[in-house]
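Reader: I have a model open and would like to talk through how its helices pack. Could you take me through it, one contact after another?

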Amino acid sequence: MINIADIENRGMVYVPYPSALRRAVLDAIAAWEAFCNLPEEVKLRFPYEPDKKQSGNGYELKKERGETLDRKEDFHLRLSAHDELLTNARALGDERAEQFVEAALLLPDLIEPLLVSFAQEVEERYKVQGFSTAVADAKPEFLLRFLHYFGDCEPEEMIGSPHVDKGGFTLHLYESDKGVEHLSTDKQSWIPMPLAHEDTVIFPALGLQQYLGSRVKALCHRIVATPECARQGRFSAVCFVDFRGARHYDKARHGRLQKFPPGFNYDMPAEQFNDLFVE
Ligand SMILES: [Fe+2]
């Protein structure tokens, strides 16, 4: 059961986690951890292809700590890039790369029914006809993102700066440790947001806020290191969902999203908010 009113009341919706999906996610995470253990020079031979409006496919290593740039490695995959991802994985000459790509790309088929039931609830509540079809049609472009934050940090250190996600909405799939917090509606407090056990969570990103005329708000969130993850690092996985009709944030005109103050979108006047997007 989904309590869709939570999307406004709590800023997010908890959804039952189908066991087949949960198992497949755990397999993909094990394969991701194995990939992360490959030597850096091998991993870096996996190209990142930033040929998409939002973000590309492949492996990225971000080692330098800038003001808002988090230290991590990540991997983006979409079904639509299946063949090139597999070709690139094979070219690495280590089967762990191929195993990871294959395990990860099993997920979209298992994720789709979950997202479609969520989308049907949204469609009914907000009278947005065609929304669930648009979400189902987006399956080849569901963006799977696997992350690994490095362990060499202090407990309580912010390892993921406050931000809202850029796509339509976000499904959380896995986290190896607690640490995600979201900003309350009144912007006064950070509330722990444990994820991905019996239930998992879906929360709006900028695209859904815009699509629903700000009746829901993109959820501002951050990641704070626990003592364990400060020592051992943190693995996680999410699925970003873009759908037909979702507009895109205009980075060329407005710069990096992280420069806006946390919760900027909670009470931004409609005209100003709508201007953030590409025409
Ligand atoms: Fe995020």
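Author: Let me begin with the contact of α4 and α5, where Leu 85, Leu 86, Ala 89 and Arg 90 in α4 meet Ala 97, Glu 98 and Val 101 in α5. Please keep in mind that this is a predicted model.

Reader: How do the residues of that contact divide into nonpolar, polar and charged?

Author: The contact of α4 with α5 has five nonpolar residues, no polar ones and two charged ones.

Reader: And at what angle do α4 and α5 pack, and how far apart are their axes?

Author: Helix α4, residues 82-91, packs on α5 at an angle of about 160 degrees, and the two axes are 7 Å apart. An angle over 145 degrees counts as roughly antiparallel, so α4 is roughly antiparallel to α5. The crossing of α4 past α5 is right-handed.

Reader: Staying with α5, which of its residues are buried?

Author: The buried residues of α5 are Ala 97, Glu 98, Phe 100, Val 101, Ala 103 and Ala 104. Their packing partners are α2, α4 and α6 together with the strands β3 (72-77) and β4 (143-149).

Reader: Let's take α2 from that list, then. Which residues of α2 and α5 meet?

Author: From α2 come Asp 27, Ala 28, Ala 31, Trp 32, Ala 34 and Phe 35, and they meet Arg 96, Ala 97, Gln 99, Phe 100, Ala 103 and Ala 104 of α5. By type, the contact of α2 with α5 consists of nine nonpolar residues, one polar and two charged.

Reader: Is the crossing of α2 and α5 left-handed or right-handed, and what is the angle?

Author: α2 and α5 cross in a left-handed sense, and they pack at about 155 degrees with 8 Å between their axes. The two helices are therefore roughly antiparallel to each other.

Reader: What does α2 do with α6?

Author: In that contact, Ala 20, Leu 21, Ala 24, Val 25 and Ala 28 of α2 meet Leu 107, Leu 110, Ile 111 and Leu 114 of α6. The residues there are nine nonpolar, with no polar and no charged ones. The axes of α2 and α6 come within 10 Å and cross at roughly 145 degrees, and this crossing is left-handed.

Reader: Ser 19 is in α2 as well; is it buried or exposed?

Author: Ser 19 counts as exposed because it has 9 C-beta neighbours inside 10 Å, and the cut-off for exposed is 12 or fewer. From its C-alpha to that of Glu 124, which is 105 residues away along the chain, the separation is 26 Å.

Reader: Changing topic, how many residues are in the largest nonpolar core?

Author: That core has 70 residues, and those with the most contacts inside it are Ala 28, Ala 104, Leu 144, Ile 202, Cys 239 and Val 241. Its largest share, seven residues, comes from helix α2.

Reader: What is Val 241 in contact with, if its sequence neighbours within four places are left aside?

Author: Val 241 then has contacts with Leu 115, Val 135, Ala 138, Phe 142, Gly 167, Gly 168, Phe 169 and Leu 171.

Reader: One last residue: where does Ala 205 lie, and is it buried or exposed?

Author: Ala 205 lies in the loop between β9 (199-204) and α8 (206-211). Ala 205 is buried because 22 other C-beta atoms are within 10 Å, where the cut-off is 20 or more. Leaving aside neighbours within four places in sequence, the contacts of Ala 205 include Val 164, Asp 165, Gly 167, Gly 168, Phe 169 and Ala 218.

Key
Residues numbered from 1 in each chain as written. Predicted model: local features only at pLDDT ≥ 70, side-chain atom pairs only at ≥ 80, totals over all residues. Core = buried A, V, L, I, M, F, W, Y, C linked by C-beta atoms within 7 Å. Helix = DSSP H or I, 4+ residues; strand = E, 2+ residues; numbered from the N terminus. Contact = placed C-beta atoms within 7 Å. Axes fitted to C-alpha atoms, helices over the stretch in contact; angles between N-to-C directions. Parallel < 35°, antiparallel > 145°, perpendicular 65-115°, else oblique. Left-handed = near helix turned anticlockwise from the far one by under 90°. Nonpolar A, V, L, I, M, F, W, Y, C, P; charged D, E, K, R; others polar.
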